[in-house]
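Student: Can you walk me through this model? I have the sequence and coordinates open.
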Amino acid sequence: MTHFEPISPLSVLDPRDRGGPVQPLLTIQGLKKYFHSAGNSWFGAQSVVRAVDDISFVIHKGETLGVVGESGCGKSTTARLLMHLIKPDQGEIIFDGEKVGIDIPLTEFRRQVQMVFQDSYASLNPRLTIEDTISFGPRIHGMYESKARLISHDLLARVGLDPSRFAGRYPHELSGGQRQRINIARALAFNPRLLILDEAVSALDKSVEAQVLNLLQDLKEDFGLTYLFISHDLNVVRYMVDRVMVMYLGSIAEIGDGETVFSTPVHPYTKALLASMPSMDPDQPTREAPLSGDPPNPINPPSGCRFHPRCIMAEAACSQKRPALETTRHKKSMAACLLQNRDTPIPFPPIKVSGQ
Amino acid sequence: MILYTLKRFALTIPVAIGVSVVCFLLVHIAPGDPLTAVLPTDASAELQAQMRSLYGFDKPLPVQYGLWIWRVLHGDLGQSIATGRPVVSEVFNAVINSIIVAAAATSIGFLAGGILGIVAGYYQNTWIDRLASIISSLGVSVPHYWLGIVLVIIFSVQLGWLPATGGGPGGSGNRSLDWAYLQFLVLPAITMSVIPMGIIARSVRALVGEILTQDFVQALAAKGLTDRKVFQHVLKNAAPTAFAVMGLQLGYLLGGSILIETVFSWPGTGFLLNAAIFQRDLPLLQGTILVLAMFFVILNLLVDLLQSLIDPRVQRS
Amino acid sequence: MTPNQALETQPVIARSPGYWHGVIKRFSRNHVAMGALIVILGLILMAVFAAYIAPADPIKGSMLRRLKPIGTPGFPLGADELGRDMLSRLIYGARLSLLMGLSPVPIAFVIGSLLGITAGYVGGLTNSLIMRTIDVFYAFPSVLLAVALSGALGAGLTNALISITLVFIPPITRVAESVTTQVRGLDYIDAARASGASSYTIIRVHILGNVLGPIFVYATGLVSVSMILASGLSFLGLGVRPPDPEWGLMLNTLRTAIYTQPLVAALPGAMIFLTSIAFNIVADGLRGAMDVKS
């Protein structure tokens, strides 16, 4: 696996930084998670959902790595696997050079990696006040109540909420944007190094979304954070990220420098995905949906390249051999497509992709 | 559909086995030697020994259960201590009487509750709705055995219109389709109908209210269909659920009728249970409860299957 | 973290009233429910202070004054079939009737919640084991199960209480399991796990606070059923034994009096009805008050 230069150097010297700036903050190797659907234990045959199927990538210190893809492509499962909220079937997670669960205990890892969920309401306990929610984490790690409370007030101020007004409130009294700010504050209570944002702004109104995105940018500077930014909204991802990873049916289709992937995508899926974005240029309106049909069922993924049934370029070989991630021609990204080194360029945008 | 039926059957089997185990254990949770529970107190030593080997009381519990369930499957529920007759024949007659009164009660309750529920659902949040909800909540919280006594006081003692107790003219227990027999049925059936009435009224009210706010009904109304046509649609959509509730209520009444049957001396399973309890006739108690519980389990299954036949969405949940 | 304004100056925190505060406020605005609650409190006070309120001995009777009608001098509510003062017996009867009707539900609430929350939180095999066992008991109509158990155990107050408690455990367990399963899937549980909280802490802080409320509401709805069932067992002779006053038993022994003193005969049942409906209304009011949407 080729490592790309970290895009922005760490702004502060962090005493927790053991591996130095070149050591990736998080290295994922061969991560795999199959869900065995219970179905009916007596009759129906057990079906296996290949939610995350052997993926490897790195997150550099101080960067924002975006993850994009259609719903069901394994974005959220990946996030939950990273947090160890669900147990991976296979694969290694290495945090700053230390294997999670072996070199670095899970509890310590979880202090340094935190997560913000999509549903701002479901991710807050409706029976706890805002300050209780934020100070819950530090409290269970042994901090005195008074100190944890002070920290929660400080964090509230940092996410732009007046502690005197909000600390004693309950989640149902707040707006979606305010609740998501609380969720961010809670995640920051441990002073983590990596923040996983799982569709964290997707449920918000556009105006509120912009405010929260700006807040996230500011916090990243202030706290010296690294982001894993998961979203299905390509515009938001383009605005936020340094590098981007495109996922399709539990595997990585393309990964690399954000601007490069967005301007000169290599994988046909990435191209189709980008072409499906509403055009901002009135002279070149998006005429046809380049991606039609739903993504195939991850229960029975297609053989060979996962994307071949929907791919306009697909050849016979595509249904046979599963492509590996390879460095692309312009060297700034990697793509998993057998045809990427052909001389005939893959058309952009694709004209029509047949459905299932 | 066939797959669903099979699945539903397969799910019923462990429950049925569990129910039989509970019934089997009833004799064993009774205080004292289980042998004394299944024999008259004055039984001879010879009879005692015979029963001990028949029931296998000297063997471990699982073996005893095996022996017992084997006999049950061959239609042998043991003998009543009080009468010495086979429990099966006692229970059979009583079950028929119970079904008669429970079915009558369910029909009355369904009719009254259905009308009440439809009216309340149609005129939601008006005084009619409030009245209906008061009636149905009274129906759920009234001690029905007391209601039975009150009805006897009014219609038998004070007005003299109907017989107070009994299962037929002259206590013969002969069933016939004439007033001489049916008049005995009126009060127990009405008393018993109060519970399903309240419950059916509540479910129907909720159903009708829900259906009326659904898009397709609003669309029908917007298309200019008459109220009567819209109402027909509402009925058609509410019926499957209402029937399911009714089916389950029939089962509950069969099992729960013991108090009302006691009040009216109606010769059904409740009356039989009462007698079994008073004479500590455990084989009779066990047999009656097993039959009633199995009836309930099967009824549950039938209701589910019928409902899925009418409404295919049920299969998925 | 750099020291911040908020750390130095302690702001005055605007506190929102807690959840239960809101529940009490909403409940107290419901006049019907408040009335029913007052009736219940009155009945409980009557039971506790029966010895001071009752004008006569509830047990001692006289064959000379059997079955007196309501309004007889010295017997404001008449006398029963053994010449005992009805008013005193009804007052004393509140003790056993309320004890039998009220105590099974809290016990079943504790056991059922424990089983249901465990099944819901742990899931998997534990869940199947608990819930399939519960299904078996659920397959009996409640009255039948109560009668079967107390019939086999033998008549008596304790056995009746055990039977009724056992009847209420399965439905409470079911509700507890489904509510817990639902809450367990919410993101704030994941967030708590991500912050390294132990299962014990998660259950204590995040699960219990959110599931006990709905289970509690469901259980209060059972009290009215429990009253009817408990008195029903006594009515069948499976609960309290004579001569102790208990409404269900009184209703039974007075059945012979329906021809001579019908009003007196109907009184104990009216008490059961009153209690049952009062609990029903309070439970309904509580359900409404605990529904945050309203």
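Student: Leaving aside neighbours within four places in sequence, what is Met115(A) in contact with?
Tutor: This is a predicted model, so take contacts as computed from it. Met115(A) is in contact with Ala79(A), Met83(A), Ala187(A), Ile196(A) and Asp198(A), and with Ala194(C).

Student: Is Met115(A) buried or exposed?
Tutor: Buried, because 28 other C-beta atoms lie within 10 Å of Met115(A), and 20 or more is the cut-off.

Student: Which strand does Met115(A) lie in?
Tutor: Strand β6 of chain A.

Student: How far is Met115(A) from Met247(A), C-alpha to C-alpha?
Tutor: 20 Å. Along the chain the two are 132 residues apart.

Student: Back to Ile196(A). What does Ile196(A) touch, not counting residues up to four places away in sequence?
Tutor: Met115(A) is one of the residues on that list. The others are Ala79(A), Leu82(A), Met83(A), Val113(A) and Leu228(A).

Student: Which residues have the most contacts inside the largest nonpolar core?
Tutor: Ile196(A), Leu228(A), Phe229(A) and Val246(A), plus Ala293(B). That core has 251 residues.

Student: OK, Ala194(C) came up. How many residues of chain A are in contact with chain C?
Tutor: 35 residues of chain A, against 28 residues of chain C.

Student: Which elements of chain A each supply at least two residues there?
Tutor: Helices α2 (106-112), α3 (130-140), α4 (145-158) and α5 (163-166) of chain A, together with strand β6 (113-116). The top contributor to the side of chain A that touches chain C is α4(A), which gives the most, 4 residues.

Student: How do the residues on that side of chain A, the one that touches chain C, divide?
Tutor: 15 are nonpolar, 11 polar and 9 charged.

Student: And chain B with chain C? How many residues does the contact take from each?
Tutor: The contact takes 41 residues from chain B and 35 from chain C. On the chain C side, the elements giving two or more residues are α7 (124-138), α8 (142-153), α11 (199-235) and α13 (262-290). The largest share, 9 residues, comes from α13(C).

Student: How do the residues on the side of chain C that touches chain B divide by class?
Tutor: 23 nonpolar, 9 polar and 3 charged.

Student: Let's do chain C as a whole. How many helices and strands are there?
Tutor: Chain C has 13 helices and 0 strands. Its radius of gyration is 24 Å, well over the 19 Å that the globule rule gives for 294 residues, so chain C is more spread out than a compact globule. The C-alpha atoms fill a box of roughly 90 × 50 × 30 Å along the principal axes.

Student: What share of chain C counts as buried?
Tutor: 48% of the 294 residues. As for contacts with a separation of 6 or more, residues 24 or more positions apart account for 70% of them in chain C.

Student: Which domains does the assignment give for chain C?
Tutor: Domain 1 is 23-61 + 72-93 + 254-290, and domain 2 is 104-220. The C-alpha centres of these two domains of chain C lie 31 Å apart.

Student: Same topic, chain A. How is chain A divided?
Tutor: Into domain 1 (26-241) and domain 2 (244-279 + 301-356). Their C-alpha centres lie 28 Å apart. Domain 1 of chain A puts 20 residues into the contact, and domain 2 of chain A puts in 16.

Student: What gives the most to the side of domain 1 of chain A that touches domain 2 of chain A?
Tutor: β2(A), with 7 residues. By class, that side of domain 1 of chain A has 11 nonpolar, 4 polar and 5 charged residues.

Student: What does the secondary structure of chain A come to?
Tutor: 10 helices and 12 strands. Of the 356 residues of chain A, 47% count as buried.

Student: Last one, chain B. How many residues of helix α9 of chain B are buried?
Tutor: The count is 0 among its 8 residues, 215-222, so α9(B) is hardly covered by the cut-off of 20 C-beta atoms within 10 Å. Gly224(B) follows α9(B), and the phi of Gly224(B) is positive, near 90 degrees.

Conventions:
Residues are numbered from 1 along each chain as its sequence is written. Chains are lettered from A and ligands numbered from 1 in the order in which they are written. This is a predicted model: local features need pLDDT of at least 70, side-chain atom pairs count only at pLDDT 80 or more; totals for chains, interfaces and linings use all residues. The radius of gyration is taken over C-alpha atoms; the globule rule is 2.2 Å times the number of residues to the power 0.38. A residue is buried if 20 or more other C-beta atoms lie within 10 Å of its own, exposed if 12 or fewer, and partly exposed in between; C-beta atoms are placed from the backbone. Two residues are in contact if their C-beta atoms, placed from the backbone, lie within 7 Å. Ala, Val, Leu, Ile, Met, Phe, Trp, Tyr, Cys and Pro count as nonpolar, Asp, Glu, Lys and Arg as charged, and the others, Gly among them, as polar. A nonpolar core is a set of buried Ala, Val, Leu, Ile, Met, Phe, Trp, Tyr and Cys residues joined through C-beta atoms within 7 Å. Domain bounds come from an automatic or database domain assignment.
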